[in-house]
Amino acid sequence: MADIQWFPGHMAKTRRQMEKVLPMVDAVLELCDARIPAASRNPMLGEIIGNKPLVLLLNKCDVADPAVTKRWISEFERGGGLAVAADCKTGTNVQRAVDACCELLADKLRAFAQKGMTGRTPRILVAGVPNVGKSSLINRLSGSARAKTEDRPGVTRQNQWYSVHKKAELLDTPGILWPKFGDPHVGFLLAVTGAVKDTLFDTEELAARLLTQLSTETPDLLAARYGSELQAVSGDLRVTDGKLPDWQIDESSVFSAGLELLSAVARTRGMLKSGGLPDTERAAIMVLDEFRAGKIGRISLENPTAIP
Ligand SMILES: Nc1nc2c(ncn2[C@@H]2O[C@H](COP(=O)(O)OP(=O)(O)OP(=O)(O)O)[C@@H](O)[C@H]2O)c(=O)[nH]1
Ligand SMILES: [Mg+2]
């Protein structure tokens, strides 16, 4: 799959603005996508925030595999970090993430109180890749739709402070990626979960690649959603003697295997072009929408073993 990159001017500007505002910030709440907790962490963030206390929030855990999310949390905590799995759609655990930041700042908050700075609330910078749910988190915590949210990346365009229940101030920031992903698979994972602008990639290629991954990792969920024809195609693509299937060996075979799966989806959903050929373009848009909305199931695309 072509290496997708997206680092427009507003992201470079956001980076500079984050560096500028940092002296005012007490802690950082970094949001990653619970379905891809490693791929959705910005490697530039560590450089930007230096040694500010950090809490990692694995968001959208309502659409990730709960058992895998649990393993990710233990993995991060084993590394000495503090991580919380949350869901800004229902509000599950969002307050816990802010409380975790306050716990990290307990000494600093005590010092404020001793100096009589009673009105000084912790200032928390909310950071993360585009579309991960930063503005939704702020809305959820403040109980109103003050920050603009939308299901596409690049909605927030500038830093904005929000006071939350007079207990904390949260800085909403525009989502930022980094100039080069390095690994094209990271680009794929970010695109498939909605962090990259969709005009930058080929929808059929993306959906085809997603289907190949799901056909090996969660074939039952795929069959339950799209029917037995898909199960048959998935079965044909797999090998029985424990060797790597031929179609996983090179990129072009991954794509053609995925296209077969995509054609099967189009047929079972009755998406046909004139002449009866499967409309793989329509099917691709539907598969991506359904995956992102969690309709195929609660699926994680990365396992904690992926941590180097
Ligand atoms: N399923 C699910 N969807 C969520 C969750 N949190 C946010 N969303 C959805 O994700 C989409 C993006 O949310 P935003 O809050 O705009 O994301 P953002 O990080 O502020 O995005 P940018 O401002 O573009 O960087 C919206 O459609 C939200 O409804 C969650 O926990 N679960
Ligand atoms: Mg936003």
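**Figure 1. Residue classes in the lining of the largest cavity.** Ala, Val, Leu, Ile, Met, Phe, Trp, Tyr, Cys and Pro count as nonpolar, Asp, Glu, Lys and Arg as charged, and the others, Gly among them, as polar. On that division, the lining of the largest cavity in this predicted model comprises 6 nonpolar, 3 polar and 2 charged residues. The lining is made up of Asp-33, Ile-36, Ser-40, Lys-60, Val-129, Pro-130, Asn-131, Val-132, Leu-190, Thr-193 and Ala-195. The volume of this cavity is about 40 Å³, and the structure holds 1 cavity of 30 Å³ or more.

**Figure 2. The largest pocket and the residues that line it.** This pocket encloses about 920 Å³ of space, and its lining consists of 39 residues, among which Lys-60, Asn-131, Glu-150, Asp-151 and Arg-152 lie nearest the centre. Two elements, H6 and helix H12 (280–292), give two or more residues to this lining. Sorted by class, the lining of the largest pocket contains 11 nonpolar, 14 polar and 14 charged residues. Lys-60 and Asn-131, which lie among the residues nearest the centre of the pocket, also appear in the list of residues that line the largest cavity.

**Figure 3. Ligand 1 and its surrounding shell.** Ligand 1 sits in the largest pocket, where 22 residues are found around the ligand, with Asp-62, Cys-88, Lys-134, Ser-136 and Gly-154 coming nearest. Helix H6 (residues 134–142) supplies the largest share of this shell, namely 3 residues, and H6 is also one of the elements that give two or more residues to the lining of the largest pocket. The shell around ligand 1 divides by class into 5 nonpolar, 9 polar and 8 charged residues.

**Figure 4. Polar contacts to oxygen atoms of ligand 1.** The close-up shows three residues with a polar atom beside an oxygen atom of the ligand, one through its side chain and two through the backbone. For Asp-87, a polar side-chain atom lies 3.3 Å from an oxygen atom of ligand 1. At Gly-133, a polar backbone atom is 2.9 Å from an oxygen atom of the ligand, whereas at Gly-175 the distance from a polar backbone atom to an oxygen atom of ligand 1 is 3.1 Å. Taken alone, ligand 1 exposes 660 Å², and the protein buries 92% of that area.

How values were computed:
Residues are numbered from 1 along each chain as its sequence is written. Chains are lettered from A and ligands numbered from 1 in the order in which they are written. This is a predicted model: local features need pLDDT of at least 70, side-chain atom pairs count only at pLDDT 80 or more; totals for chains, interfaces and linings use all residues. Side-chain values use heavy atoms; hydrogens and water are left out. A residue is near a molecule or strand if one of its heavy atoms lies within 4 Å of it. A polar contact is a pair of N or O atoms within 3.5 Å; within protein, one must be able to donate a hydrogen and the other to accept it, and residues adjacent in sequence count only if both atoms are side-chain atoms. Accessible areas come from the Shrake-Rupley method with a 1.4 Å probe; for residues, only the protein chains shown count as cover. On a 1 Å grid over the protein atoms alone, a cavity is a set of points where a 1.4 Å probe fits but cannot get out, and a pocket is an open set with protein on both sides within 12 Å along at least five of seven lines; lining residues have an atom within 4 Å of a point. A molecule sits in a cavity or pocket if more than half of its atoms lie within 2 Å of its grid points. Helices (H or I, at least four residues) and strands (E, at least two) are DSSP runs, numbered from the N terminus. Grid points are joined across faces, edges and corners, and a volume is the space filled by probe spheres set on the points.
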